[in-house]
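Trainee: I have a model open and would like to go through it piece by piece. Can we start with a single residue and work outward?

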Amino acid sequence: MLLTPRPPAPRRRWLRAAVLTAASAGLVAAALPAADPLGIGDPLFPHLGNPGYDVLAYDIDLTYPGKNTEPLDAVTGIEAIATESLDRLNLDFTHGTVRSVRVNGAPAAYSTSGEDLVITPEERIERGDTLRISVTHTSDPSGPADTGGWVRTSDGLAMANQADAAHRVFPSNDHPADKAYFTFRVTAPSTLTAVANGLAVGRTEHGATTTWSYRTTHPMATELAQVSIGRSTVLHRTGPHGLPVRDVVPAADEKVLEPWLRKTPEQLEWMEGKIGPYPFENYGLVVADAETGFELETQTLSLFERRLFTDRRYPAWLVESVMVHELAHQWFGDSVSPRRWSDLWLNEGHASWYEALYADETAGKSLERRMKAAYGASDGWRAAGGPPAAPEPPSPGQKISLFRPVVYDGSALVLYALRQEIGTEAFEQLERRWVADHRDGTATTDDFAALAGEIAGRDLTAFFKAWLYGKKTPAMPGHPDWRSAPVTAAKPG
């Protein structure tokens, strides 16, 4: 994610209680024994994710009614493996109506607790069992735009699920630690176009409606899911090594957007030259006619605001570097996902690093000058939001506040310091090894520090402890004259 350069609108906590009816046998949700919302213990989002099972695949069927203020009918299928014995299991889900739940073909009772859907199957689940869960539900795009999940555009919908909003769209184990394969089937009026992550695998016309099908060939975190529905044109081109590149744009904006979109293949080539092969089956941009306040690295299909490309106040070099920021995330954050949300600095720090490096190499915007400016602000950023690898939790009701300057340029500064510490050759080897060794998986800050030490041939524990967890910014290797500005007493919200 990259925030666009304007103050974000205040975010409000907004929770619509799900209206749950009987799954079968006349049972109503309220009659079930009380259950607590669970979580996997993420320090920043303690109730996100659920223990006891590992999701292998999602199969999501959505029917769009033609108005982006009305709920979509949906069926979410989940294939999982039980990692422990369970009498009941939790899914993350809110802001929709559940109509029925089945587990391994049999009706199951269900209730809600917080933002969890609590499912009680007819038979106890044993460790190692395969689970096939089917939830028939609605997916509601109404409500404030700043809560995440569905984004209402001028002609339809798109998704923005980071960091914890995928479960506002579909039931899931909504944490990047549990990646899975996805299949999407989207039925919409035939006047519209539906596109999702991955490759197109089918299109069936039913007269007034059309069903579009897509499937990922690499596992994906729930926060990276993308479905776009609207009066869109899909543009196709070819990237390095024959990579399919597709862009989804408002049909009326095809000509005005084309000068920007045709830059993607050369940006892909530039990134591959830095860190190795692109990790997925295809890439492209979905340009939404909506004001979100950010751009987002949804896997294989990054989400961008239309105004980034049409507002002439944004200089060309800035627009291009923002495009590279989201492209870099396909390696850092998407292919290699954070094990915990406190590992976010690995996502945003790397994306900001390559954004800045691209601006340096293609537009003469000095990387060193940017890092010196970041160094000057770094102590203030740490005081306001915590150090890079131990960020403070989001402000109450403002979950997007997790995305603070310290995880962007404050974390790119850590990478600059590391390059100064171990040398350019070792640093570049580290970057390539990191994305190759952890491709399609998850990894932690400790994993990165260990690999850096291995490549450098020495213990870097003290370096990473100071740079990633210290309240004050350490001295910059090679730049003893750099100074951090005094921290003011007032801390930004």
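Trainee: Does R312 count as buried or exposed?

Mentor: This is a predicted model, and the value for R312 is computed from it. The relative accessibility of R312 is 84%. The cut-off for exposed is over 50%, so R312 counts as exposed.

Trainee: Where is the place of R312?

Mentor: Take the helices on either side of R312, which are α3, residues 307–310, and α4. R312 has its place in the loop between α3 and α4.

Trainee: How far apart in space are R312 and T488?

Mentor: Along the sequence, R312 and T488 are 176 residues apart. From C-alpha to C-alpha, the separation of R312 and T488 in space is 35 Å.

Trainee: What span should helix α4 have, and how far apart are its end C-alpha atoms?

Mentor: Helix α4 covers residues 316–329, which is 14 residues. At 1.5 Å a residue, α4 should span 20 Å. That agrees with the model, where the end C-alpha atoms of α4 are 20 Å apart.

Trainee: How many of the 14 residues of α4 are buried, and which are they?

Mentor: The buried residues of α4 are V319, E320, S321, V322, M323, V324, H325, E326, L327, A328 and H329. Helix α4 is therefore largely enclosed by the rest of the structure. The number of buried residues in α4 is 11 of the 14.

Trainee: Which residues is S342 in contact with, leaving aside its neighbours within four places in sequence?

Mentor: S342 lies in the loop between β22 (336–338) and α5 (344–363). At 11% relative accessibility, S342 is counted as buried. With those sequence neighbours set aside, the contacts of S342 are L44, P388, A389 and P391.

Trainee: Moving to the sheet, what is the order of strands in the open sheet of three?

Mentor: The pairing in this open sheet is antiparallel. Its edge strands are β4 (89–92) and β7 (109–113), each of which pairs on one side only. The twist from one strand to the next averages 30°. The order of the three strands is β4-β8-β7.

Trainee: How many bridges join β7 to β8, and which residue in β8 stands opposite A109?

Mentor: Strand β8 takes in residues 116–120 and runs antiparallel to β7. The number of bridges joining β7 to β8 is five. Opposite A109 in β8 stands T120.

Trainee: What is the phi of H95?

Mentor: H95 has its place in the loop between β4 and β5 (98–103). At 1% relative accessibility, H95 counts as buried. Although H95 is not a glycine, its phi is positive, at about 65°.

Trainee: And what is the phi of T300?

Mentor: T300 is found in the loop between β20 (294–295) and β21 (302–305). The relative accessibility of T300 is 1%, so T300 counts as buried. T300 is not a glycine either, yet its phi is positive, at about 70°.

Trainee: Which residue does a cis peptide bond join to Q162?

Mentor: Omega for this bond is about 5°. The partner has its place in the loop between β11 (156–160) and β12 (181–189). The residue joined to Q162 is A163.

Trainee: S172 lies in the loop between β11 and β12; what separates its C-alpha atom from that of T222?

Mentor: S172 has 0% relative accessibility and so counts as buried. Not counting residues up to four places away in sequence, S172 touches N50, Y58, L91, D92, H167 and T222. S172 and T222 are 50 residues apart along the chain. Their C-alpha atoms are separated by 7.4 Å.

Trainee: For the whole protein, what is the radius of gyration?

Mentor: The protein has 10 helices and 23 strands. Its C-alpha atoms fill a box of roughly 75 × 50 × 45 Å along the principal axes. For 493 residues, a compact globule would have a radius of gyration near 23 Å. The value for the protein agrees, at 23 Å.

Trainee: What share of the 493 residues counts as buried?

Mentor: The accessible surface of the protein comes to about 19,300 Å², and 51% of that belongs to carbon and sulfur atoms. Among contacts between residues at least 6 apart in sequence, 72% join residues at least 24 apart. The share of residues that count as buried is 58%.

Note on methods. Residues numbered from 1 in each chain as written. Predicted model: local features only at pLDDT ≥ 70, side-chain atom pairs only at ≥ 80, totals over all residues. Heavy atoms only, no water. Pairing = 2+ DSSP bridges. Helix = DSSP H or I, 4+ residues; strand = E, 2+ residues; numbered from the N terminus. Axes fitted to C-alpha atoms, helices over the stretch in contact; angles between N-to-C directions. Expected span 1.5 Å × (residues − 1). Buried < 20%, exposed > 50% of the residue type's maximum accessible area, 1.4 Å probe, protein only. Contact = heavy atoms within 4.5 Å. Rg over C-alpha atoms; globule rule 2.2 N^0.38 Å. Areas by Shrake-Rupley, 256 points an atom, 1.4 Å probe, with all protein chains shown as cover.
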